[in-house]
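User: Hello! I am new to this structure and would like to get to know it through a few questions. Could you take me through them one at a time?

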Amino acid sequence: MPFDEQAETILRGLNENFPRVETMTGAQARAATKAGRKAVADPEPVGSVRDREIPGGAGPIAARIYSPAGDPAESLPVVVFFHGGGFVICDLDSHDGFCRAMCNGIGAVVVSVDYRLAPESQWPAAADDAYAATCWVAQHARALGGDPDRLLVAGDSSGGNLAAVAALMARDREAPAVAGQLLMYPVIEPVFDTESYEEFAEDHFLTRSAMQWYWDQYLPTHRETVPAYAAPVRAEDLGGLPPAIVITAERDPLRCEGEKYAAALADAGVPVQGRRVEGMFHGFLTIDALAAAQTARRELWPRLRNLVAEPVRTPSD
């Protein structure tokens, strides 16, 4: 499907202005992308936004907690959110707009997690932080105004990888109970010759060379036998994982691996809602100014609310 005019303009700007991260160090890539980020003068209002630190296995993890306005009659769903950025770039600020929209759109407490970044902290640092944060949020959900039995993990791109891995770890370690997972054009495995990689290797914002560089920063070893907690589709068994919503973009080199993971979950008996957004490119959902992103979000929020409409109970309940 062809782009609409606005999407084409935005993509052209990304192709022309986004730095070639594969020519940089991790620190340089972070500095370059942060320098190109425009400050938002009037962010979408929510009930409250609080920055705090939560404990992790290797030290404190920065987090930002969004709560919707009003005094709810019952505890709210809770979303643990992991930002994208190839495990190397982006932060709490880069995804602030999306987290605000999710908080209001679902009517949920959203906890955005600033996990450790590569290459300074390589795998499994980010995966361990994602699981630690998920455990902490589950344990403190009621104090945050949320319901620990309606806990979602969510993320875009590399954050989608971390959400999937956190769900996998929670299943394997039998805690916490995760009610659902939202994976938005997720990074799934270091394979770069899929149909979508061949078709969209260049000129669609995320390039094949950039994605190879991101994986080199995050997982420079273990490449012959990639562990499941880095590439969740490599898990021996995907049964028993929480229901998933997997969103892919038609013009994204990661499209095939995201759809492969959705199919693998479904084959394992996991309820999956798959959605390929035609005509869109990697990262589109977090571009607040993009009309197509706003449309896709309006379609997504009720599906997420339905995903956590019924609390998940553990066998001991």
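User: Where does P253 lie?

Analyst: A note to begin with: this is a predicted model. P253 does not stand alone in the fold, as it touches T194, S196, Y197, F200 and L206, not counting residues up to four places away in sequence. As for its own place, P253 lies in the loop between β7 (244-251) and α8 (255-267).

User: Is P253 buried or exposed?

Analyst: Anything under 20% relative accessible area counts as buried. The relative accessibility of P253 is 0%, so this residue is buried.

User: What separation do the C-alpha atoms of P253 and Y185 have?

Analyst: Along the chain, P253 and Y185 are 68 residues apart. In space, their C-alpha atoms are separated by 9.5 Å.

User: T194 came up as a partner of P253. Which residues is T194 in contact with, leaving aside its neighbours within four places in sequence?

Analyst: T194 lies in the loop between β6 and α6. With a relative accessibility of 19%, T194 counts as buried, because the cut-off is under 20%. Leaving aside neighbours within four places in sequence, T194 is in contact with P253 and C256.

User: Which residue does UniProt list for "active site"?

Analyst: The listing comes from an unreviewed UniProt entry. The residue it gives lies in the loop between β5 (146-156) and α5 (158-173). Under "active site", the record names S157.

User: Is S157 buried or exposed, and which residues does it touch?

Analyst: S157 has 6% relative accessibility, so it counts as buried. Not counting residues up to four places away in sequence, S157 touches G84, M184, Y185, P186, V187, L254 and H282.

User: How many residues of β5 are buried?

Analyst: β5 is the strand that comes before the loop holding S157. This strand is mostly covered, and the count of buried residues is 11 of its 11.

User: Which strands does β5 pair with, and what are the bridge partners of V153?

Analyst: β5 pairs with strand β3 (residues 76-82) in the parallel sense over six bridges. Five bridges join β5 to strand β6 (residues 180-184), and these two also run parallel. V153 of β5 is the bridge partner of V80, and in β6 its bridge partner is Q181.

User: What is the relative accessibility of S112, and which residues does it touch?

Analyst: S112 has its place in strand β4 (residues 109-114). It counts as buried because its relative accessibility is 0%. Not counting residues up to four places away in sequence, S112 touches A62, A63, R64, Y66, F81, L92 and C99.

User: Which helices do the buried residues of α7 pack against?

Analyst: In α7, the residues A210, M211, W213, Y214, W215, Q217 and Y218 are buried. These buried residues pack against α2, α4 (125-140), α5 and α6 (195-199).

User: Which helix gives the most to the lining of the largest pocket?

Analyst: The largest pocket holds about 1,600 Å³ of space. Its lining has 49 residues, and L14, F18, G36, R37 and I287 lie nearest its centre. α1 (5-17), α2 (26-35), α3 (96-107) and α7 (208-218) each supply at least two lining residues. With five residues, the helix that gives the most is α1.

User: How do the residues of that pocket lining divide into nonpolar, polar and charged?

Analyst: The division covers the lining of the largest pocket, which has 49 residues. The lining holds 21 nonpolar, 17 polar and 11 charged residues.

User: Which element supplies the largest share of the lining of the largest cavity?

Analyst: The structure holds one cavity of 30 Å³ or more, and the volume of the largest cavity is about 50 Å³. Its lining is made of I247, R275, V277, L285, A296, E299, L300 and R303, which divide into five nonpolar, no polar and three charged. β8 (272-281) and α9 (291-307) each supply at least two of these residues. The largest share, four residues, comes from α9.

User: Which residues does UniProt list for the domain, and how far apart are the end C-alpha atoms?

Analyst: The unreviewed UniProt entry lists residues 79-285 as "domain: Alpha/beta hydrolase fold-3". Over these residues the chain is 35% helix and 21% strand. The end C-alpha atoms of residues 79-285 are 17 Å apart.

How values were computed
Residues are numbered from 1 along each chain as its sequence is written. This is a predicted model: local features need pLDDT of at least 70, side-chain atom pairs count only at pLDDT 80 or more; totals for chains, interfaces and linings use all residues. Side-chain values use heavy atoms; hydrogens and water are left out. UniProt positions are given in the numbering used here, feature names are shortened, and annotations may be inferred rather than shown by experiment. Buried means under 20% relative accessible area, exposed over 50%, partly exposed in between (1.4 Å probe, protein chains only). Contact means heavy atoms within 4.5 Å. On a 1 Å grid over the protein atoms alone, a cavity is a set of points where a 1.4 Å probe fits but cannot get out, and a pocket is an open set with protein on both sides within 12 Å along at least five of seven lines; lining residues have an atom within 4 Å of a point. Grid points are joined across faces, edges and corners, and a volume is the space filled by probe spheres set on the points. Ala, Val, Leu, Ile, Met, Phe, Trp, Tyr, Cys and Pro count as nonpolar, Asp, Glu, Lys and Arg as charged, and the others, Gly among them, as polar. Two strands pair if DSSP finds at least two bridges between them.
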